[in-house]
Structure formats: structure tokens, C-alpha cells
Amino acid sequence: MQKVGICGSDVHYWHEGRIGDRFVVTAPMLLGHECSGVVSKLGEGVTHLKVGDRVAIEPHGVCRTCDACKIGRYNLCPNVFFLATPPDSGALARYHVHGADFVFKLPDNVSFEEGALIEPLSVGLHACRRGRLSMGHRVLVCGAGPIGLCAMLSAKAFGVAAVCVTDIDASRLQFAREVGATHTLQIRPGQTEQEVAEEVTKLLGGAPDRTIECSGAQFAVNLGVLATTPGGIFVIVGHGPNKVEFPVVSLVAKEIEILGSFRYINTWQTAIDMIACGKINVAPLVTHRFRLEETLDAFRCAKSGVGVKVMIDCAQG
Amino acid sequence: MSDTNLTAILHKKGDIRLEDCPIPEPGPGQVQLCMQHVGICGSDVHYWQHGYIGDFVVRAPMVLGHEASGIVSKLGEGVTNLNIGDRVAIEPGVPCRRCMDCKKGRYNLCADMKFCATPPYDGNLARYYVHDADFCYKLPDHVSTEEGALLEPLSVGVHACRRAGVTLGSKVLVCGAGPIGLVNLLVAKATGASQVCVTDIDEKRLVMAKEMGADCVVKVTSKDPKEVAAQVIEALGEKPDFTIECSGAPPSTRTAIFATKSGGCVVLVGMGPPSVELPIIDAAVREVDIRGVFRYVNCYPTALNMVASGAVNVKPLITHRFKLEDSIQAFETTLRGEGIKVMIECKK
């Protein structure tokens, strides 16, 4: 293994021992699912990779026989295996074994760090595909954490006209501007969703055609419905409270489509191609680096929220 | 000769033999099937008569048959979706499951597809056969194993109508009234098409098409595709939104384009010569989309639901029945073009 990035879910399992009721840590498990490595051994029948290949790893393992797998939506496979989601162990180690068809060769000009960043980038890419983002769209992204930033980077790569990122944290919005957001808006305490929706519309020069919710905040769910233009699409990525009150009549009257977006499907090669040709630049998202031996410090750093992406170097020596 | 696992094998062009073979054992994820019914497809006949279709060449003896149903007789390791005794329809193509086409949900395009009775892979015209369990679909009690076998051609119709976009209120032209044209007619009507017109050169086939629900039929006599298109438009009262070309005949493909409404779609199901001259400018300037259709993907469950619910009645398609022992006669009957679907009963 070469690089493994820390995700909010890794921190959550470490700190809370569970996410919701479904995913509970009941036995020791490895963390880490945003990763890249070098092929060191081939299993039987592997033909598309060679020992020595630098690769990015898609954390999925899927059954390949169920309806979800057969229709090409393997992220919804009921028997899905996903790194570092209990009881499935992760890849934060010197060595890891993985299904070869979920391992993708990196071109020479894509670094291991960029390879590891393909995972969060894929969440953004998949959300944009789900939302049918396209050239010329005005886009609202709620939340300027790593996922919101990846959604913003993906949206820009689709050729949208503008992306406005909202957050409550000014320093995160500053970072969002540095990595490419065309507009940012800080949500002030006491503001209503309607007020923010109006400000977004003013900033973008029109109501957003597409909204991608990456914060998990109930406020953002309401904002998405109120802000999105009639006939638009609202993609929800963020995991917040499971029951949320939102203006359903506005949704109906405006014929807004609300689409859930879960992890990703078939994004790795696209992400590699976009990074390799320079159309997407994820490298700046890494703000802190640690060695594998310093993993605990890395997790403390990630939990503190001081940076954006904390990257762990797993290579020996 | 013992006939415990009597099997119909195409040894080479023109040479079908019935031989007893060992009963196969199911591997992990597979089931062993006591075969019930297998329909004969034009491709089976083509391999028999010509020894190849395009680049698929019969280089070694190959079991024929791929439109099939069976009863589960043994479970391989790890099989949980079926029980011994289950009556199933068998989707004949098992893809690699790992390539990008498979992962994108278009496994019919998998380059490593293992398809029954497409060389070099054996078909299932035998008493016993083994198949991946997730490609076997349990039939409800009221759906016969003959209907189960017909789910294969019906799935071609489901896939073609989906690719075309046939929906409520559509006006549809189906070119060709053979079994594939007929299943497309059935699916188009079932999925809400308000008018379906069927063309063919054969009067008898058009009579069958009318019996099966065609709103109008056009017998093709002219060699001018524009003239045939005009006849279709007159019969339908307007241009069709969608055309499903099921004959593979070049003049028919040209007719399909001329007839279709601007902004509509022509789907190509029928296979004829590999290269065909088409009125491409007419298609392009009127934005008539041309889409290929290859077999089917994720259609079997839909086809089964349509038959089980009564939305589609496929039983009239079967015009001839034979026992496995008389397979050669069955093939000769099919070659003569006497009926629509020839069905072979495989149980002892």
C-alpha cells in the first residue's frame, strides 16, 4: 500500500464505534478505504495488471449475481463488501488484497496521493452523474468539506456555468475559493433557508438548476428544495438525521427531482482520465500528512477538523 | 443406445446427431436442470445449414438450443435462490460479470459472454444441463415450461421496445412477422402502443400478426422502400414514432428509416448482410435515431412478469411440437418455414 486518506466515516467508527444502527464495530477491523498502492502479487486469472503497476483501489467487492449488480448499480448490491465498513475490514496497512477488477492502473503523471483522492472525488462524480449535471448549469453545493469540494470540482469538470458553495465556516469557504469554487456563501446564524436561497440565486444570476447536498444538515435539505429552480434536480449525498422535515409542497409545485446518491459506480477510470489530462485538480485537498506509524496522530488531526484531507503514507521506511 | 442424457449435437454443417452424454454436475453457484422445453431459433437452423454466423464458426461439435426451460434437479454449492423441483426459465447467456460492460449493466455486450449454442459454447437441447443459478428464473405454477422457453424470444422483444422507447400512445412499425416481429408486436401493445403496423412479404405471416393484435398489416410487394413507407403511413394514418426492424432485409431497413417520424427511433433487431446501404441523410436531417439491439439484458424478469400477469400471451406462437428424439425432424420443419415456433420436449 502507498497512500490512504482518512474519511469522516473512519473517524466516526473510531470515535463512536458505529454509524447508525446498521454499521457497528463488534470485532477488530482495519480502517481506511481511500487508497492507492503498487501491485505486489497477482492472483490466478488476473490479466489486466502486472506486478509493479501503480494503482488506485475502488473499495467495493460485490456479488455480481443480484439484480442490482446486473443492472449496473452494484453500489446497491445487498451483499456489498466495502472497505472499513463493519464487518468489512479496510486497507490501512502495508499490504492489502483486493478484487483485481476493482483495481485501476495509474498513469505515470498521476501520484499515489491523487490515486487515493479518487475515492472522495468519485463520490462527487457520481453525485453529478446522478444529478445529470451538464454544461451551462448553475449549481449549488451545500457544504465545503472534502465531499462538497469534490462535488464542486466534478461539477466544474462537467462544464457547468457556475458553482456556489455554502457553509457555516468561513475558512472552509476560503479554501473552496482557492480550489476553484466560482462563488461561496457563508450561512449566518439565524438566517432562514428562504433567505439563503435568495442570496444564492442572486450570486449565481439565477436559481440553481442543480443542487448537491454534502453537509448532512437539515437546513441544507430545506435549502435544496427552496433554492433549486423549477424542474431542477436536487441530489442528496450527505448523511444527516434520517427523518427530516422539508417543504414537500414546494417540491411538488416546482417538479424538483430529489435523488439519493450513494457512494459511486464505475467512476475510477473516468476520474483517472480527468486527473491525468488536468481537467480535475484534486491534489490541493491534501492538507496534512502522516506516516502509518503515526496513524493515531493522523486520526486526531482529522477529528480536530483543522484541515481538509489527512493523508497517511503506508510505504515502509 | 441409452438415452439418459440424450443430447442434440451439431457435429458440423449439415450434421445433427442425437447422442447420449454424461449427465453434467453443477459447480459452485450453478444448478443442474432436467430440461423440459427448448424452442428452435433461426440461429440454430443457420448454424446447422451454414456452420457459422459472422465470426462465430462451428469448429467442434456443439450442442444446439438456447430457448429453454427446465426443472432444478441438483443444487451446486452456495445456491440459495432455487430449490430442487423448481421449474425455471433459463437465460442462456452468462457474462464475465467483471468487465466494464458487465459493471455498467450492459452484460449483453460482454466480450467474454458464454452464450448457449453460439460457438464454442454448448446449448441446452438435451435431457440434462448445468447453468449459473442466478440466470435461472423460477416460474409461477400457472406459467408452463413451454411459456418459460418462450421467454427467450420474448426478451428480445422487451429489449427492443425498451431501446426504441416504446411507451403509452406510441405508434409503432414492426418490419417482419416472424417470431421476433411477433414478440415485438406483443410487447409493443402490452407496453401501451396505441397502433402497431406489421410488414412482411408473406401473406400467411401477416394473418398471424393480425390474429396476435396488429392494428394493421402491409404486405410488401414493391421493391421501392419509399413506396412501402408510404403504404405504412397510409395504413397507420401517420408516420410511426418507432420502428422495430426484425427482418434484416436491406430494403426493409431503408423502409424503416423513410417511414419513421422525425425525432423518432429505428431499432435494428434483424440481422442480414454485414454492410447495408441506408438513406443516412434522411435519418440525420430528421433526427431519426438508429439504434442496434443485441439479444437482451435484464429482460427475463420483465418478460416473466408480463407472461405471468397475462399482459402478454405467447402460447399461440407455438405451432409445432416434437420430442427430443425427433429433433432432426423438428429442425427440418423449421427450415421449411412452415410455422412460427417449433418446440421440442426434452423430458424422457
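**Exercise 1.** In this predicted model, work out which residues of strand β16 (residues 242-245) of chain B point one way, which point the other way, and whether they are buried or exposed.

*Solution.* Begin with the general rule that in a regular strand the side chains alternate between the two faces of the sheet. In β16 of chain B, B:F242 and B:I244 point one way while B:T243 and B:E245 point the other way, and all of them are buried.

**Exercise 2.** Find which strands β16(B) is joined to, and by how many bridges.

*Solution.* Take strand β13 (residues 171-175) of chain B, which runs parallel to β16(B) and is joined to it by four bridges; here B:C175 has B:E245 as its bridge partner. Then turn to strand β17 (residues 265-268) of chain B, which is also parallel to β16(B) and joined to it by four bridges, with B:V266 as the bridge partner of B:T243. Finally, follow the chain from β16(B) through helix α7 (residues 250-259) to β17(B), and a right-handed β-α-β unit results.

**Exercise 3.** Classify the aromatic pair of A:Y74 and A:F102, and say which parts of chain A the pair ties together.

*Solution.* The centres of the two rings are 5.4 Å apart and the planes stand at 80°; angles over 60 degrees count as edge-to-face, and this pair is edge-to-face. A:Y74 lies in the loop between α2 (67-70) and β7 (81-82), and A:F102 in the loop between β7 and β8 (103-105), so the pair ties together parts that are 28 residues apart in sequence. Both A:Y74 and A:F102 are buried.

Methods
Residues numbered from 1 in each chain as written. Chains lettered and ligands numbered in written order. Predicted model: local features only at pLDDT ≥ 70, side-chain atom pairs only at ≥ 80, totals over all residues. Heavy atoms only, no water. Buried < 20%, exposed > 50% of the residue type's maximum accessible area, 1.4 Å probe, protein only. Helix = DSSP H or I, 4+ residues; strand = E, 2+ residues; numbered from the N terminus. Pairing = 2+ DSSP bridges. Right-handed = clockwise from strand over helix to strand, strands pointing away. Phe/Tyr/Trp six-rings, centres within 6.5 Å; stacked < 30°, edge-to-face > 60°.
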